[in-house]
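Could you take me on a walk through this structure, one selection at a time? I have it open in a viewer and would like to know what to click on next.

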Amino acid sequence: MPSPRTIELVKATVPALQAHGLALTTHFYDRLFSNEPELKNIFNLGNQAGGQQQQALALAVLAYAQNIENPSALAPVASRIAHKHASIGIRPDHYPIVGRHLLASIREVLGEAATDEIIAAWAEAYGELADVLIAAETELYRASAAAPGGWSGWREFVVDRKVRESELITSFYLRPADGGALPPFVPGQFISIVLYIPELGVEQIRQYSLSEAPNNSYFRISVKREGQDPAGAVSNRLHDAVAVGETLAVAAVRGLLPARGA
Ligand SMILES: Cc1cc2nc3c(=O)[nH]c(=O)nc-3n(C[C@H](O)[C@H](O)[C@H](O)COP(=O)(O)OP(=O)(O)OC[C@H]3O[C@@H](n4cnc5c(N)ncnc54)[C@H](O)[C@@H]3O)c2cc1C
Ligand code: HEM
């Protein structure tokens with residue numbers, strides 16, 4: 001638990017940072033992508049450009065920090081974030097990189113008000129949040145590798161069948177290229193797929209819900225063709241360029257299980 005002084009400094013500066021949320025996230029992502037261009041393969045560039053979720057990471061750190069003295073309030077949120085991160089393959093060594101650019105952005109946004117003591121308090125707060133998420137993600141990676149038929153990282157799947165469900169939706173039946181078994185899953189859980197997108201010059205990762213009941217030999221996902229101008233990168237490439245017989249890299253099943261008894 002951070003010291004009372006750290007908590008006080010962090011909480012006192014959250015409102016100013018939230019008030020300049022757009023400046024904070026703009027500084028943050030500009031810094032991140034110009035200094036660490038390889039992270040463009042990990043972040044969803046459609047989110048960045050389309051203005052949807054691009055604020056999630058930086059603003060979540062602020063929201064999270066507001067509750068820093070009450071870790072139990074953070075547990076459900078941390079679990080959801082950890083599932084998303086684990087579906088993307090976020091590693092412990094990513095945290096200091098993101099932390100460095102986030103702290104620099106906080107300093108830029110606060111300007112002269114950013115004393116060294118305030119920045120040190122934010123560094124400590126970020127470190128606390130990072131430790132919670134790293135622990136949760138390490139456990140998810142361990143559990144998925146240990147599950148029967150499970151794996152960690154990316155596993156090759158063959159596109160066994162493509163079925164056009166409607167003008168916009170096509171289902172893909174994916175079988176493990178290694179012929180091995182698949183882990184059990186429940187409705188609402190999802191896999192991630194990574195595809196190289198030539199027009200962007202980077203890889204992109206997207207999540208797709210498992211759309212058929214669990215079985216031991218294949219996953220089915222049903223992909224809607226997204227966007228027109230520009231066309232959604234991964235969904236359109238799946239529809240138009242990924243043929244039966246090709247392989248796709250797939251990350252292990254993620255997504256919170258429904259609460260017991262629900
Ligand atoms: C847990 C989870 C489960 C999901 N399950 C499913 C599922 O079962 N089926 C399914 O179809 N989808 C599902 N999705 C959504 C899926 O992951 C993708 O987000 C979706 O396929 C769109 O990705 P894309 O790469 O095709 O589009 P993106 O390239 O991400 O584009 C998304 C939107 O942003 C716009 N955009 C992109 N770049 C720009 C730009 N430069 N300027 C302006 N606008 C831009 C595009 O026009 C488009 O409308 C799920 C998502 C999550 C998080
Ligand atoms: C304390 C640190 C962090 C917090 C609080 C945080 C928070 C979040 C939140 C709230 C989301 C959205 C989750 C959802 O959609 O359900 C998210 C998504 C994401 N995070 Fe983190 N995150 C942190 C660290 C990191 C790190 C170190 C990386 C690695 C580079 C990272 C990469 C991503 C990516 C790629 C997404 C998916 C959204 C996108 O592509 O834009 N995050 N994070």
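Start by selecting helix H8, residues 233-241. Its buried residues pack against six strands: E1 (154-164), E2 (169-176), E3 (190-197), E4 (202-209), E5 and E6 (247-254). To see which residues these are, highlight Ala233, Val234, Ser235, Asn236, Leu238 and His239, the buried residues of H8. Keep in mind as you look around that this is a predicted model.

Now step back from H8 into the loop that comes before it. Asp229 sits there, between strand E5 (219-224) and helix H8. Is Asp229 buried or exposed? Asp229 has a relative accessible area of 78%, and the cut-off for exposed is over 50%, so Asp229 counts as exposed. Next, select Pro230, which belongs to the loop between E5 and H8. Zoom in on the peptide bond that runs from Asp229 to Pro230: this bond is cis, with omega near 0 degrees. If you would like to try the distance tool, pick the C-alpha atoms of Asp229 and Leu210: they are 19 residues apart along the chain, and 27 Å separates them.

Time to zoom out to the whole protein chain. You can count eight helices and six strands. Following the sequence from its start, you meet them in the order α-α-α-α-α-α-α-β-β-β-β-β-α-β. The radius of gyration is 20 Å, close to the 18 Å that the globule rule gives for 262 residues, so the protein chain is as compact as a globular protein of that length. Along the principal axes, the C-alpha atoms fill a box of roughly 60 × 45 × 30 Å. Of the 262 residues, 43% count as buried. Among the contacts between residues at least 6 apart in sequence, 71% join residues at least 24 apart.

Next, select helix H1 (residues 4-19) together with helix H6 (residues 94-110). At what angle do H1 and H6 pack? The angle is about 80 degrees, and the axes are 10 Å apart. H1 and H6 are therefore roughly perpendicular to each other. Show the side chains where they touch: Thr13, Ala16 and Leu17 come from H1, while Ile106, Val109 and Leu110 come from H6. Five of these contact residues are nonpolar, one is polar and none is charged.

Keep H1 selected and add helix H7 (residues 116-146). Here the packing angle is about 100 degrees, with the axes 9 Å apart. That makes H1 roughly perpendicular to H7. On the H1 side, display Arg5, Thr6, Leu9, Val10, Thr13, Val14 and Leu17; they meet Glu117, Ile118, Ala121, Trp122, Glu124 and Ala125 of H7. By class, the contact of H1 with H7 has eight nonpolar, two polar and three charged residues.

While H7 is on screen, look for Arg142, which lies in this helix. Arg142 is partly exposed, with a relative accessible area of 48%. Its C-alpha atom is 21 Å from that of Ile42, and the two residues are 100 residues apart in sequence.

For the last stop, select ligand 2 and find its iron atom. Which protein residue is its donor? The only protein donor is His85, through its NE2 atom, at 2.1 Å. Colour helix H5 (residues 71-88) to see where His85 is placed.

Key: Residues are numbered from 1 along each chain as its sequence is written. Chains are lettered from A and ligands numbered from 1 in the order in which they are written. This is a predicted model: local features need pLDDT of at least 70, side-chain atom pairs count only at pLDDT 80 or more; totals for chains, interfaces and linings use all residues. Side-chain values use heavy atoms; hydrogens and water are left out. Donors are N, O and S atoms within 2.8 Å of the metal (3.2 Å for Na, K and Ca); water is not among the atoms, so sites may look incomplete. Helices (H or I, at least four residues) and strands (E, at least two) are DSSP runs, numbered from the N terminus. Axes are lines fitted to C-alpha atoms, for helices over the stretch in contact, and angles run from 0 to 180 degrees between N-to-C directions. Angles under 35 degrees count as roughly parallel, over 145 as roughly antiparallel, 65 to 115 as roughly perpendicular and the rest as oblique. Contact means heavy atoms within 4.5 Å. Ala, Val, Leu, Ile, Met, Phe, Trp, Tyr, Cys and Pro count as nonpolar, Asp, Glu, Lys and Arg as charged, and the others, Gly among them, as polar. The radius of gyration is taken over C-alpha atoms; the globule rule is 2.2 Å times the number of residues to the power 0.38. Buried means under 20% relative accessible area, exposed over 50%, partly exposed in between (1.4 Å probe, protein chains only).
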